Number of protein chains: 2
Amino acid sequence: MGKAVTINDVAREAGVSKTTAVFVLNNRPGFSAAEGTRIRVREAAQKLGYRRSGLARALSTGRIYTVGVVLRIDSGRPQDWVYSKDVLAAMARACHKARLRLTLIPFSSDAMLSVDDVADQRVDGLILVSHSADAFARQIYASGFPTVSIGSGYAERLVDIDQRGGVREATEHLLALGHTKIGYVLGSNPGIRAVEERRAGYMEAMQAAGLAPQCYTNHEAQACLTQAERPTAFVTYNDDFAWQLTVAARQVGLRIPDDLSVIGFDNTVLAETAVPPLTTIENPLDAQAERALKVLQCLLQGKESPTMAPLATRLIHRQSTAAPSGFSPQKEPKQ
Amino acid sequence: MGKAVTINDVAREAGVSKTTAVFVLNNRPGFSAAEGTRIRVREAAQKLGYRRSGLARALSTGRIYTVGVVLRIDSGRPQDWVYSKDVLAAMARACHKARLRLTLIPFSSDAMLSVDDVADQRVDGLILVSHSADAFARQIYASGFPTVSIGSGYAERLVDIDQRGGVREATEHLLALGHTKIGYVLGSNPGIRAVEERRAGYMEAMQAAGLAPQCYTNHEAQACLTQAERPTAFVTYNDDFAWQLTVAARQVGLRIPDDLSVIGFDNTVLAETAVPPLTTIENPLDAQAERALKVLQCLLQGKESPTMAPLATRLIHRQSTAAPSGFSPQKEPKQ
DNA sequence: CTGGGTTAGTAACTCGGGTTACAAAGAAGT
DNA sequence: ACTTCTTTGTAACCCGAGTTACTAACCCAG
């Protein structure tokens with residue numbers, strides 16, 4: 001067990017002081033050493049199989065080059081996970097690029113996180129994913145621990161996308177196709193910024209068109225499909241809701257997109273693999289992750305980060321939207 | 001910045017020695033202290049906002065309570081990610097339960113991992129996910145760093161499932177439905193244990209039934225669908241291949257399951273959300289993750305882990321399999 | 001041969017906690 | 001009053017690096 005080779009062992013083996021060994025192995029600029037010494041130290045390190053402890057180094061330098069990603073893992077349906085996992089994947093790519101490690105700090109409602117557990121020195125900073133303004137988020141921000149939010153997160157120091165603009169564009173797309181009865185499926189977590197913003201985007205577009213907006217919960221939307229007065233198109237809070245709606249629609253004999261148009265949000269795998277593939281609003285996760293990391297690194301260097309405009313979204317045209325039946329002008333948006 | 005409150009500050013504030021402060025805050029068994037002292041220390045800690053450094057503690061105790069999960073993140077298609085992310089999610093749950101942290105150690109083919117980068121002390125041990133017997137896996141095992149493989153991983157110290165039995169059962173299910181021309185879609189990474197085992201399961205079942213096995217690559221399988229002599233059913237290496245096959249089949253006018261039966265592997269979201277939902281072999285990821293963690297913890301305590309039988313898989317009946325057309329006896333396996 | 005500059009190298013301290021071994025004070029026993 | 005045990009507490013050293021400040025030897029110029 002206790003066989004870790006330390007820098008002291010290396011120094012002893014090479015017959016130099018520990019300081020010298022450290023300086024040589026770190027190629028410390030401005031440190032002059034005889035070529036022979038350098039070689040002896042390197043060979044000693046090689047021979048002994050010396051491996052530097054990132055831990056001790058972190059203690060000493062104050063940076064462990066690791067960021068913590070806080071997200072909840074207790075949602076029941078696997079589909080709920082899809083988006084979180086996509087965010088995580090994006091964070092992983094961003095960290096990899098920035099040569100940082102990523103530590104997952106999962107939490108579930110049964111075991112609330114405490115600031116003390118999280119803000120020990122095992123991570124340099126934190127990324128909060130899709131957190132509502134809950135007790136933990138508030139506490140961690142209050143503690144001053146370097147923290148950035150991402151996704152539909154806590155409002156402070158939040159890297160955000162243009163949620164509102166995305167949904168507005170989606171709604172306008174349906175309007176352009178000729179729909180007039182367009183419903184919106186609400187996010188299930190009122191109070192979260194993304195939930196409110198997306199709804200607002202829908203409201204804006206409808207009001208601008210002079211049409212009456214109509215919001216539904218996920219459940220209500222599925223239930224209304226059999227009624228005569230149902231909307232001919234839906235914009236939904238996310239791909240999961242959109243997908244569920246297509247499944248429900250098929251079950252009551254409605255064809256997508258002929259009888260019902262549906263637009264999702266996030267462009268998860270779900271949207272891509274669904275039948276038919278879903279028109280959806282792309283959520284630029286990689287860009288968000290990179291930006292979040294950049295903000296965090298500013299924080300770690302003591303400079304407050306610049307405020308940045310929300311990242312742009314993009315409507316991805318696939319096959320779940322079409323003109324309402326009985327409406328001829330345009331048949332299908334060009335792919 | 002340098003405002004971290006240390007145990008020394010607490011001790012000073014409370015007017016006791018550092019040792020006493022440590023003992024009190026850690027509730028060290030067998031340490032007797034006057035009640036007044038205990039209170040003073042606790043209050044000092046509270047007042048100063050003392051937060052113990054997990055880092056320093058780790059350096060001292062040799063355990064950082066964090067495991068590293070090594071997986072590749074450079075596959076192109078998002079569907080490829082689905083399985084890896086499921087494994088990751090399972091590991092996250094297992095770690096959460098075991099009160100361990102999980103650090104993601106991503107790697108891509110462009111930046112090869114080195115043992116030195118990974119086996120610093122920032123993780124206690126490593127879980128290798130779906131690694132082929134590549135240079136890194138070999139090196140890390142050779143280095144003696146506590147490492148366990150999971151998924152279709154490197155063969156040493158591998159927590160495995162009954163890959164072979166799973167595919168055998170799937171094949172037998174198709175045989176029972178009356179299929180005689182059953183193809184198999186190979187995993188694309190020959191040499192990986194899972195790829196060979198799953199293939200072997202198919203071969204065994206076919207040979208036992210006295211039928212000629214026929215293996216295809218993913219591409220070949222999709223290409224052969226238009227030929228007269230095509231199989232009436234496929235067992236595939238994973239859900240992604242199965243899903244792709246159903247898409248390709250639909251494109252050439254084949255109905256699933258009426259004209260073609262397909263069985264996947266892993267029971268990812270893909271299988272659940274596909275149309276029709278795919279019959280597939282469940283891969284017990286949570287059980288694997290927990291077992292891997294258990295093995296790792298044995299390793300960390302110095303005892304070699306017990307060898308365990310591969311975990312059982314289970315065939316999940318959904319709607320992508322049926323009797324071949326023109327075969328009456330049983331119409332559909334009971335749900 | 002004397003002062004200044006370079007080259008080569010080091011002792012001693014820091015980071016923040018954990019642990020071991022021992023000391024001083026008070027209580028109890030004889 | 002003298003030992004012995006308990007309670008209460010502490011100094012000093014450990015983990016494995018990084019850093020600061022300083023020395024000794026040598027070279028060159030004046």
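A residue is termed buried if 20 or more other C-beta atoms lie within 10 Å of its own, exposed if 12 or fewer do, and partly exposed in between, with C-beta atoms placed from the backbone. The model is predicted, so local features need pLDDT of at least 70 and side-chain atom pairs count only at pLDDT 80 or more, while totals for chains, interfaces and linings use all residues. Residues are numbered from 1 along each chain as its sequence is written, and chains are lettered from A and ligands numbered from 1 in the order in which they are written.

**View 1. A:N267 and B:N267 have positive phi values.** A:N267 is not a glycine, yet its phi is about 55°. With 25 C-beta neighbours inside 10 Å, A:N267 counts as buried. A:N267 is found in the loop between β9 (261–266) and α12 of chain A; helices (H or I, at least four residues) and strands (E, at least two) are DSSP runs, numbered from the N terminus. In chain B, phi of B:N267 is likewise near 55°, and B:N267 is buried, with 25 other C-beta atoms within 10 Å.

**View 2. Cis peptide bonds precede A:P276 and B:P276.** The bond from A:V275 to A:P276 has omega near -10°, and A:P276 is found in the loop between α12 and β10 (279–282) of chain A. In chain B, the bond joining B:V275 and B:P276 has omega of about -10°. B:P276 lies in the loop between α12 (269–273) and β10 (279–282) of that chain.

**View 3. Helix α2 (residues 18–25) of chain B has buried residues on one face.** B:A21, B:F23 and B:V24 are buried in this helix. Seen down the axis of α2(B), the buried residues fall within an arc of 165°, so they line one face of the helix; the arc is that of the directions from the helix axis to the C-beta atoms. Their cover includes α1 (7–14) and α3 (35–48) of chain B. B:N27, whose phi is positive, near 50°, follows α2(B).

**View 4. Chains A and B meet through the same surface.** Chain A can be laid on chain B with an RMSD of 0.0 Å by a turn of 180° and a shift of 0.0 Å along the axis, with superposition by least squares on the C-alpha atoms of residues with pLDDT of at least 70 in both. The two copies are thus related as by a two-fold rotation axis. The contact takes 41 residues from chain A and 41 residues from chain B, two residues being in contact if their C-beta atoms, placed from the backbone, lie within 7 Å. On the side of chain A, the largest share, 9 residues, comes from α5(A). Strand β2(A) is joined by 3 bridges to β2 (residues 101–107) of chain B, and these strands run antiparallel; strands pair if DSSP finds at least two bridges between them. In β2(B), B:L104 is the bridge partner of A:L102.

**View 5. Residues of both chains surround DNA strand D.** Of the 24 residues around strand D, A:T6, A:A56, A:S60, B:S17 and B:T19 come nearest; a residue is near a strand if its C-beta atom, placed from the backbone, lies within 6 Å of it. Helix α4(A) gives the most to this surface, with 5 residues.

**View 6. Residues of both chains also surround DNA strand C.** Among the nearest of the 24 residues are A:S17, B:T6 and B:I7. The largest contribution, 5 residues, is from α4(B).
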